[in-house]
Amino acid sequence: MLLFTPGPTPVPQNVRNAMSDETMHHRTPEFEAIFEKTRKHLFDLFATDEVVMIASSGTGAMEAAVINLCKNTLLSVNSGKFGERFGKIATAHGLKNVEIKNEWDTPVSVEDVVNAVKANADIDAIAVQISESAGGLRHPVEELAKAVKEINPEIMIIADGITAVGVERIDVTNIDCLIAGSQKALMLPPGLAILGLSNAAIEKIGTGVGYYFNLASEIKKQRQNTTAYTAATTLIIGLLEVFEMIDREGGAGLLYCNTARRAKATKAALEAIGLHSYPKVPARSMTTIDDVDASKIRSALKEEYGVNVAGGQDHLKGKIFRINQMGIIPVYESAWVVNAIELILHRIGRLQYTGIASKVFNETYFKSALEKKEI
C-alpha cells in the first residue's frame with residue numbers, strides 16, 4: 001500500500017532501522033550527544049532564535065504556544081479544521097478569542113487581519129496556519145506577520161507550520177513561534193512536536209505558564225541538551241537520521257524544490273483530465289481535489305491500485321480528496337497515482353483513457369527539474 005495521506009506520511013526504511021536499535025535512556029551522555037546534534041539541525045531548518053522539542057502531537061505544541069504567548073486576546077484565523085482548533089484552545093484556557101472565519105478554500109486576507117488588530121487593542125497574539133491542511137490552502141503568513149508588526153511589534157505571531165516546515169522555505173523574520181510535527185514532512189511516526197521561537201517570544205514567555213507545556217522550563221533544560229520531562233528518545237534518534245538523510249539526498253533546498261515540482265506536476269496532471277483544484281491558493285504540502293465522485297475515486301485508489309489518500313472532514317466529507325506531497329517521495333510513485341486516477345475516471349465513464357495524466361505529470365516535473373533552480 002502506498003501511503004499518500006498528508007500525515008502521517010511514510011517513514012523511510014533507514015529511519016525505521018535507526019529507531020529500532022536498543023532503547024536508550026534519556027538521562028545519559030550518549031543521548032545528550034544525539035539531542036545536541038538534532039538541535040543543531042533544527043536551528044538550521046527553522047532559522048529561529050530557539051528551538052524546543054516536546055513529546056506530544058502537533059496539537060500539544062499549538063496549546064503550548066497559545067498559553068505561553070497569549071495573555072489576553074487571541075486573534076485566530078479559521079479557514080479550516082485546524083485554524084478552528086486555535087480558537088478552541090484559547091477559550092479552553094479562559095482567553096478571549098477574536099476569529100476571522102472564511103470558507104475552507106479561502107486564505108485570509110492581510111487587510112482583514114490588519115483591520116481586526118486595529119479594531120481590538122487587546123489582541124496580543126495571532127495564530128494562523130501556514131498550510132491549512134483541511135482544504136490544502138496556503139495562508140499569506142509572512143505578509144500578514146509583517147503588516148501586524150508594523151502596527152504593533154509586541155503582538156506575538158504564532159504560525160502553525162505542521163504541514164509547511166520541511167515543505168518550503170519559510171521567512172521567519174516576523175514570526176515569533178513556528179510549529180512543526182513529526183508525522184508530516186519530517187517523515188516520522190506521530191508523537192514529537194517542535195517549536196521555533198524568536199527572542200521576543202522567549203522574553204514574553206518569561207517564567208512560563210502551566211506545568212508540562214511550560215516552555216520556560218523546556219528552554220532552560222534543552223539548552224543543556226536534555227528535557228524537563230521524559231524525552232521522546234526513539235523519535236529524536238529517528239529525527240537525526242532524517243536530517244542526515246536529507247543532507248545525503250542533496251540538502252533542504254533540493255527537498256523544497258522536489259516537493260514544489262511534485263505539487264505543480266500533480267496539479268497539472270489532474271487538471272489535464274478535467275479535475276478541479278479545491279483551494280484558491282494551494283499549499284505545496286498536498287494536492288486537494290473537489291469532485292462529485294471524490295469518495296468513489298478515493299475508494300478505488302485504495303482497493304484497486306493500493307494508494308491511500310485522505311478525504312475531507314466535516315462539510316467536505318465525501319467532497320474532496322487530498323494527495324500528500326510532503327517528504328522524500330519517489331517520482332514514479334506520484335506518476336502512478338495520477339495515472340491510477342485517470343484509469344478510475346475511465347472505468348466509471350468520465351473520460352476515455354489516453355495516458356495524458358502521467359504524460360503531463362512527467363513533462364511538468366522534469367521540465368522544472370531541468371531548470372535547476374529553487375522554486
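Here are some worked exercises on the predicted model shown above.

## Exercise 1: A cavity and its walls

Work out how many cavities of 30 Å³ or more the model has, and which residues line the largest cavity.

*Solution.*

- Start with the count, which comes to one cavity of 30 Å³ or more.
- Next, the volume: the largest cavity takes up about 70 Å³.
- Now walk around the walls. Met53, Ile54 and Ala55 are among the lining residues, and so are Leu192, Tyr212, Glu218, Thr227, Tyr229, Thr230, Ala231, Ala232 and Ile236.
- Which strand gives the most to this lining? Strand 2 (residues 50-55) does, with three residues.
- Finally, sort the lining by class: nine residues are nonpolar, two are polar and one is charged.

## Exercise 2: Two pockets

Describe the largest pocket and the second largest pocket by volume, by lining and by residue class.

*Solution.*

- Take the largest pocket, with about 350 Å³ of space. It has 21 lining residues, and Asp44, Leu45, Phe46, Ala252 and Tyr256 are the closest to its centre.
- Helix 2 (29-46), helix 9 (233-248) and helix 10 (252-272) are the elements that give two or more residues to this lining.
- By class, the lining of the largest pocket has 14 nonpolar, three polar and four charged residues.
- Move on to the second largest pocket, which holds about 280 Å³ of space. There are 20 lining residues here, and Phe82, Ser133, Ile162, Gln183 and Lys184 lie nearest the centre.
- For this second largest pocket, the elements giving two or more lining residues are helix 3 and helix 4 (81-92). Helix 3 has the largest share, three residues.
- The second largest pocket's lining splits into six nonpolar, ten polar and four charged residues.

## Exercise 3: An alanine in helix 3

Place Ala65 in its helix, decide whether Ala65 is buried or exposed, and list what Ala65 touches.

*Solution.*

- Ala65 sits in helix 3 (residues 58-69).
- The cut-off for buried is under 20% relative accessible area. Ala65 has 0% relative accessibility, so Ala65 counts as buried.
- Leaving out residues up to four places away in sequence, Ala65 touches Cys70, Ile158, Cys177, Ile179 and Leu195.
- How far is the C-alpha atom of Ala65 from that of Ala201? The two are separated by 9.5 Å, though the residues are 136 apart along the chain.

## Exercise 4: Salt bridges across the chain

Count the salt bridges, then look at the pairs Lys204 and Asp124, Glu168 and Arg138, and Arg347 and Glu304.

*Solution.*

- A reminder first: side chains of opposite charge can pair when their charged atoms come close.
- The count comes to 17 salt bridges.
- Lys204 and Asp124 meet in one of them, at 3.4 Å, N to O. Lys204 belongs to helix 7 (residues 199-205) and Asp124 to strand 5 (residues 123-129), so this pair ties together parts that are 80 residues apart in sequence.
- Are the two partners buried or exposed? Lys204 is partly exposed, at 21% relative accessible area, while Asp124, at 13%, counts as buried.
- Glu168 and Arg138 form a salt bridge too, at 3.0 Å, N to O. Glu168 is in the loop between strand 8 (156-160) and strand 9 (177-181), and Arg138 is in strand 7 (residues 137-138), 30 residues apart.
- Glu168 counts as buried at 11% relative accessibility, and Arg138 counts as buried at 13%.
- Arg347 and Glu304 make a salt bridge of 2.7 Å, N to O. Arg347 lies in helix 12 and Glu304 in helix 11 (residues 294-305), so the pair connects parts 43 residues apart in sequence.
- Arg347 is partly exposed at 47% relative accessibility, and Glu304 is partly exposed at 40%.
- One more group to find: Asp291, Asp293, Lys296 and Arg350 are linked in a network of salt bridges.

## Exercise 5: A glutamate with no partner

Find the helix that holds Glu333, then the nearest side chain of opposite charge.

*Solution.*

- Glu333 is in helix 12 (residues 331-347).
- Glu333 is buried but has no salt bridge.
- To form a salt bridge, the charged atoms must be within 4 Å. The nearest side chain of opposite charge to Glu333 is Arg262, 8.4 Å away.
- Not counting residues up to four places away in sequence, Glu333 touches Leu2 and Phe4.

Definitions and conventions:
Residues are numbered from 1 along each chain as its sequence is written. Side-chain values use heavy atoms; hydrogens and water are left out. Helices (H or I, at least four residues) and strands (E, at least two) are DSSP runs, numbered from the N terminus. Buried means under 20% relative accessible area, exposed over 50%, partly exposed in between (1.4 Å probe, protein chains only). Lys and Arg count as positive and Asp and Glu as negative; His and the chain ends are not counted. Contact means heavy atoms within 4.5 Å. On a 1 Å grid over the protein atoms alone, a cavity is a set of points where a 1.4 Å probe fits but cannot get out, and a pocket is an open set with protein on both sides within 12 Å along at least five of seven lines; lining residues have an atom within 4 Å of a point. Grid points are joined across faces, edges and corners, and a volume is the space filled by probe spheres set on the points. Ala, Val, Leu, Ile, Met, Phe, Trp, Tyr, Cys and Pro count as nonpolar, Asp, Glu, Lys and Arg as charged, and the others, Gly among them, as polar.
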